[in-house]
Amino acid sequence: MTESSIPSTFAARLRDIREKRGLSQSELAREAGMQPSAIAHFEAGRRKPSFDNVRALAKALKVTADYLLGTKTTTTAFRDEEKLSAKDRNFIQNIIDTMIGDKK
């Protein structure tokens, strides 16, 4: 993904990464502990999320809050992530989480 093809607004980035992750608004809402209508409002730009909501959305989408807010252009630390299935991405994320846990 080139920098020029990355959506520039929070609403567009949220929709873009949700769709790339293969999640519906309802699925993302469940993962982030929110109501589906909140996701719809955020994606339409009708409401701005709180800091806690940005953090929950970033965690559910496995991106940084910086990415969602537009201050960072990359979504992950590894190349070609979009070529992996959701199952493979979750597997890799679990490995990363385990490695981080072992360092604590």
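**Exercise 1. Find out how the side chains of arginine 18 and glutamate 19 meet in this predicted model, and classify the burial of each.**

Step 1: Start with the pair itself. Arginine 18 and glutamate 19 form a salt bridge through their side chains, at 3.9 Å from N to O. The cut-off is 4 Å, so this pair counts.

Step 2: Now look at burial. Arginine 18 comes out at 8% relative accessibility, which makes it buried. Glutamate 19 sits at 48%, so we call it partly exposed; the buried class needs under 20% and the exposed class over 50%.

**Exercise 2. Arginine 18 also forms a salt bridge with glutamate 43; work out which parts of the chain this pair ties together.**

Step 1: Check the distance. The closest N and O atoms of arginine 18 and glutamate 43 are 2.5 Å apart.

Step 2: Place the partners. Arginine 18 belongs to helix H1 and glutamate 43 to helix H3, so the bridge ties together parts 25 residues apart in sequence.

Step 3: Add the burial. Both arginine 18 and glutamate 43 are buried.

Step 4: Zoom out. A network of salt bridges links Arg15, Arg18, Glu19 and Glu43. In total, the structure holds five salt bridges.

**Exercise 3. Describe the salt bridge between aspartate 52 and arginine 55, and say where the two residues lie.**

Step 1: The side chains of aspartate 52 and arginine 55 meet at 2.6 Å, N to O.

Step 2: Both residues are in helix H4, three residues apart, or about one turn of the helix. Here's the geometry behind that: an α-helix has 3.6 residues a turn, so residues three or four places apart point the same way.

Step 3: On the burial side, aspartate 52 is partly exposed, with a relative accessible area of 48%. Arginine 55 is partly exposed too, with a relative accessible area of 48%.

**Exercise 4. Sort out the buried and exposed residues of helix H4, and find what the buried ones pack against.**

Step 1: List the buried residues. In H4, which runs over residues 51-61, these are Val54, Leu57, Ala58, Ala60 and Leu61. Seen down the helix axis, they fall within an arc of 165 degrees, so they line one face of H4.

Step 2: Turn to the other side of H4, where Phe51 and Lys59 are exposed.

Step 3: Find the packing partners. The buried residues of H4 pack against helices H1 (10-20), H2 (25-32), H3 (36-44) and H5 (65-69).

Step 4: Follow the chain just past the helix end. Right after H4, lysine 62 takes a positive phi of about 60 degrees.

Technical notes. Residues are numbered from 1 along each chain as its sequence is written. This is a predicted model: local features need pLDDT of at least 70, side-chain atom pairs count only at pLDDT 80 or more; totals for chains, interfaces and linings use all residues. Side-chain values use heavy atoms; hydrogens and water are left out. Buried means under 20% relative accessible area, exposed over 50%, partly exposed in between (1.4 Å probe, protein chains only). Helices (H or I, at least four residues) and strands (E, at least two) are DSSP runs, numbered from the N terminus. The arc is that of the directions from the helix axis to the C-beta atoms. Contact means heavy atoms within 4.5 Å.
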